[in-house]
Amino acid sequence: MSVPQPPEPIPGARLLFSLDPAVSHLNHGSFGAVPVGVQRAQQRLRDEMEANPLRFFTQGLVDRITHTRRHLATALGADPDGTALVANATTGVAVVLQSLGLRPDDEVLTTDHGYGAVDLSIRRECHRTGAVTRTVRVPLAATDEELVEVIRAALRPGRTRLLVVDQLTSATARLFPVAAIVGVAREHGVPVLVDAAHAPGMLPTPVDSIGADFWVGNLHKWGYAPRGTAVLVVAPWWRERIEPLVVSWEQDTGFPQRVEWQATQDYTAWLAAPAGLFTLRSLGVDRVRAHNAALVAYGQRVLGDALGVAPADLPDPGGPGIAMRIVPLPPGLATTIDAARALRARIAERLATEVAIMAWDGRGWLRLCGQVYNSADEYERLSVRLPPLLALR
């Protein structure tokens, strides 16, 4: 198996960010990084808001939010009239769950690759309504065809009220064939919610081509938007049933305004979000995707070599342009959430490196990301310094 080569750096890209140069930031997928130009765009909006709050909130703000939503939805290949801006993907999931009208003995089906906070939200809604949640195990090495068949076999028409699947999983950096999954679920009359937290800015798939009943994605990760910017996309046959988590003055306007308007929250992140997409387009979307995917593939390989993992045992995300990869940690290490958090904090403190540590399927995993501000030597330094740290546990 040939050794992947790191890509050439994108000139000037590192200077677009205000990240601490003394730290290696190899975990873009958790909270993203906002380019300086986007920070300044948001600050100008904050200055406008603070100069005259009454005017900012009462004269044209709803129209400005609508204009921003249309811009972002179009960029994602989604219907602007079926898209609502929300704070993050988990907020969008919560909106969908509480709008379903779950009843006792209804079922919400998930996979064991799902995001922890989403699982907690599902459990809470099921507890509140008397519904149940069921998790189907999907082997990490399953092919797309095998994955679809596992989900097909788990569906219970008439009882499964919602299937929740990730487009790109957080814990395992695995790309799911969501369009095929939606097709199978529709054959059985089961609505699908796609958790696409990592899709905007990383994946090229237009939302409407997936055909999901619900799709949620963050723009503050790979779309360079300010944090607190995400979208909830809803199919036409569900829109009248969607209710916000908090009722405010746009309630009678209907979806999406009733979901977007949340009283006096700070809307400047949403209004500045197009500046993030402008930055991405200025760098070149395809160029950024290719750079990030090649860089993290190199990082996964050098970390795998350092930890004694054979190249064949390094999980492949299963698609081009994926800027996240995982490396298995030695057996017995970081096998619980608490242990994973402790190891992540120790790596940050002692190695000045930010990574994600995941506990999944009884094993610890190190998740790496690639971004335009990263360089090959950051992964190489970690590969030298991490094994001694792990030996000290």
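The following exchange concerns the sheet of this predicted model.

User: What is the strand order of the open sheet, and what kind of pairing does it have?

Analyst: The seven strands follow the order E2-E8-E7-E6-E5-E3-E4, and the pairing is mixed.

User: Why are E2 and E4 said to stand at the edges?

Analyst: Strand E2 (83-86) and strand E4 (132-136) each have a single partner strand, so one side of each lacks a neighbour in the sheet. From one strand to the next, the twist averages 20°.

User: What makes E3 and E4 a pair?

Analyst: Pairing requires at least two bridges between two strands. Strand E3 (residues 107-111) and E4 are joined by five bridges and run parallel, so the requirement is met. Within E4, Thr133 is the bridge partner of Val108.

User: How do you know that E5 pairs with E3 and with E6?

Analyst: The cut-off is again at least two bridges. E3 and E5 have three bridges in the parallel sense, and Val108 stands opposite Leu162 in E5. E5 and strand E6 (residues 192-195) have four, also parallel, with Asp166 opposite Asp195 in E6. Both counts therefore satisfy the cut-off.

User: Why is strand E5 called mostly covered?

Analyst: A residue is buried under 20% relative accessible area. Seven of the seven residues of E5 (residues 160-166) are buried, so the strand is described as mostly covered.

User: Which elements make the right-handed β-α-β unit?

Analyst: The unit consists of E5, helix H8 (residues 178-187) and E6. The term right-handed applies because, with the strands pointing away from the viewer, the path from the first strand over the helix to the second runs clockwise.

Note on methods
Residues numbered from 1 in each chain as written. Predicted model: local features only at pLDDT ≥ 70, side-chain atom pairs only at ≥ 80, totals over all residues. Heavy atoms only, no water. Helix = DSSP H or I, 4+ residues; strand = E, 2+ residues; numbered from the N terminus. Axes fitted to C-alpha atoms, helices over the stretch in contact; angles between N-to-C directions. Buried < 20%, exposed > 50% of the residue type's maximum accessible area, 1.4 Å probe, protein only.
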